[in-house]
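Student: Please take me through one part of this structure closely, and then through what surrounds that part. Keep it brisk.

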Amino acid sequence: MTDFSYQLYSSRNFPPLENTFAMLSGLGYRAVEGYGALFDDLSGVDTLRAALDANDLSMDTGHFGLDMVESAPGKVVETAKALGLTDVYVPYLQPDDRPTDAAGWAALGKRLAEAGKPVQDAGLTFGWHNHDFEFADLGGSDLPMDLLLQASDDIMFEFDLAWAAVAGHDPLEWIKRYGARITSAHIKDIAPKGECADEDGWADVGEGVMDWTDLLQALKAAGTTHLIMEHDNPSDHRRFAERSINFTSKILA
């Protein structure tokens with residue numbers, strides 16, 4: 001069976017974290033992905049690492065804000081090394097910080113490439129995690145996601161397939177285009193129209209509209225290292241975690 005990871009943001013509303021780790025380990029997960037709030041305080045890293053070790057989990061990947069990567073790269077690297085991360089991804093830009101044209105996105109790509117150098121010099125993979133706004137039409141042939149990746153071959157791509165679909169794009173085409181750069185992928189599903197309104201329109205993996213048989217096989221063929229379950233707002237995180245790993249495990253058995 002493929003070893004699946006789990007984005008801990010999915011369980012942010014279900015404390016304590018130690019219980020989440022025990023649940024995930026019991027369901028067969030072998031890794032988790034951290035996010036910004038978990039990395040704010042270096043004093044808590046040892047406790048976090050001990051909880052991971054106690055549940056036979058690794059934290060291979062993590063999300064760090066661009067401001068932190070730029071202003072405190074040493075802290076990013078120290079945190080990543082202490083927790084055993086191999087990959088660092090910048091996950092998001094606030095609306096007011098997003099470029100509005102191709103030149104702006106190209107400049108952001110160069111800024112991202114420069115910010116990532118200390119992380120890469122420490123032996124870590126560095127890249128960008130998308131939402132839907134990176135697929136906005138800029139009036140030319142290149143979309144924001146293209147311009148970010150064109151800035152440097154060293155910028156890797158953590159591909160959130162569902163957000164690409166929300167933006168009106170076929171995720172399979174993006175896997176074909178950037179497969180070698182897709183080092184991690186978020187496995188997230190979209191509920192049928194009108195369903196799961198209390199969960200912001202997201203679904204457990206396999207319960208939504210995404211064609212995971214073809215998509216997971218394409219990611220496997222592309223050599224994507226980390227397959228990470230995510231749900232932005234589950235009403236029951238155990239239900240989501242269990243359904244999702246059971247479904248995807250059958251496809252990649």
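Tutor: Start with a definition. A helix here is a DSSP run of H or I with at least four residues, and a strand is a run of E with at least two; both are numbered from the N terminus. The model is predicted.

Take helix α1 as the part, residues 17-27. Just after α1 comes G28, with a positive phi of about 110°. Before the helix, the loop between β1 and α1 holds P16. The peptide bond from P15 to P16 is cis, with omega near 0°.

Now the sides of the helix. In α1, the buried residues are T20, F21, M23, L24 and L27. Viewed down the axis of α1, these buried residues fall within an arc of 165°, so they line one face of the helix. N19 and G26 are exposed on the other side of α1. Buried means under 20% relative accessible area, and exposed means over 50%.

What covers that buried face? The cover of α1 includes β1, β2 (31-34), α2 and α10. Three of these names open the way to the surroundings: α10, β2 and α2.

Go to α10 first. This helix runs over residues 237-251, which makes 15 residues. At 1.5 Å a residue, α10 should span 21 Å, and its end C-alpha atoms are 22 Å apart, so the two values agree. At the start of α10, a side-chain oxygen of D236 comes to within 3.1 Å of the backbone nitrogen of R238.

The buried residues of α10 are H237, F240, A241, S244, I245, T248, S249 and I251. Down the axis of α10, its buried residues fall within an arc of 145°, so these residues also line one face of their helix. Their cover includes α1 (17-27). Thus the link between the two helices appears from both ends: α10 helps cover the buried residues of α1, and α1 helps cover those of α10. Also in the cover of α10 are β1 (5-6), β7 (182-187), α9 (212-222) and β10 (226-229). β1 is in the cover of α1 and in that of α10.

Follow α9 one step out. Helix α8 (residues 171-178) packs with α9 at an angle of about 5°, and the axes are 10 Å apart. Angles under 35 degrees count as roughly parallel, and α8 and α9 are therefore roughly parallel to each other. From α8, the contact uses P171, L172 and I175. From α9, it uses D214, L215, A218, L219 and A222.

Now back to β2, which is in the cover of α1. Residue E33 makes a useful handle. The side chain of E33 makes a polar contact of 2.8 Å with the side chain of T61. T61 sits in strand β3, residues 58-63. How accessible is T61? T61 has a relative accessible area of 1%, so it is buried. Beyond its neighbours up to four places away in sequence, T61 touches V32, E33, G34, L85, D87, Y89, S184, H226 and I228.

D60 is also in β3. D60 and E33 are 27 residues apart in sequence, yet 6.5 Å apart in space, C-alpha to C-alpha. Outside four places in sequence, D60 contacts A31, V32, G84, L85, T86, D87 and H226. Its side chain also joins that of S58 in a polar contact of 2.9 Å. V32, L85, D87 and H226 are on the contact list of T61 and on that of D60.

Last comes α2, again from the cover of α1. α2 spans residues 45-54, and D56 lies in the loop between α2 and β3. D56 has a phi near 55°, a positive value in a residue other than glycine. With a relative accessible area of 56%, D56 is exposed.

C196 also has a phi near 55°, again positive and not in a glycine. C196 is in the loop between β8 (189-190) and β9 (202-203). Its relative accessibility is 26%, so C196 counts as partly exposed.

Terms used:
Residues are numbered from 1 along each chain as its sequence is written. This is a predicted model: local features need pLDDT of at least 70, side-chain atom pairs count only at pLDDT 80 or more; totals for chains, interfaces and linings use all residues. Side-chain values use heavy atoms; hydrogens and water are left out. Buried means under 20% relative accessible area, exposed over 50%, partly exposed in between (1.4 Å probe, protein chains only). A polar contact is a pair of N or O atoms within 3.5 Å; within protein, one must be able to donate a hydrogen and the other to accept it, and residues adjacent in sequence count only if both atoms are side-chain atoms. Contact means heavy atoms within 4.5 Å. The expected span of a helix is 1.5 Å times one less than its number of residues. The arc is that of the directions from the helix axis to the C-beta atoms. Axes are lines fitted to C-alpha atoms, for helices over the stretch in contact, and angles run from 0 to 180 degrees between N-to-C directions. Angles under 35 degrees count as roughly parallel, over 145 as roughly antiparallel, 65 to 115 as roughly perpendicular and the rest as oblique.
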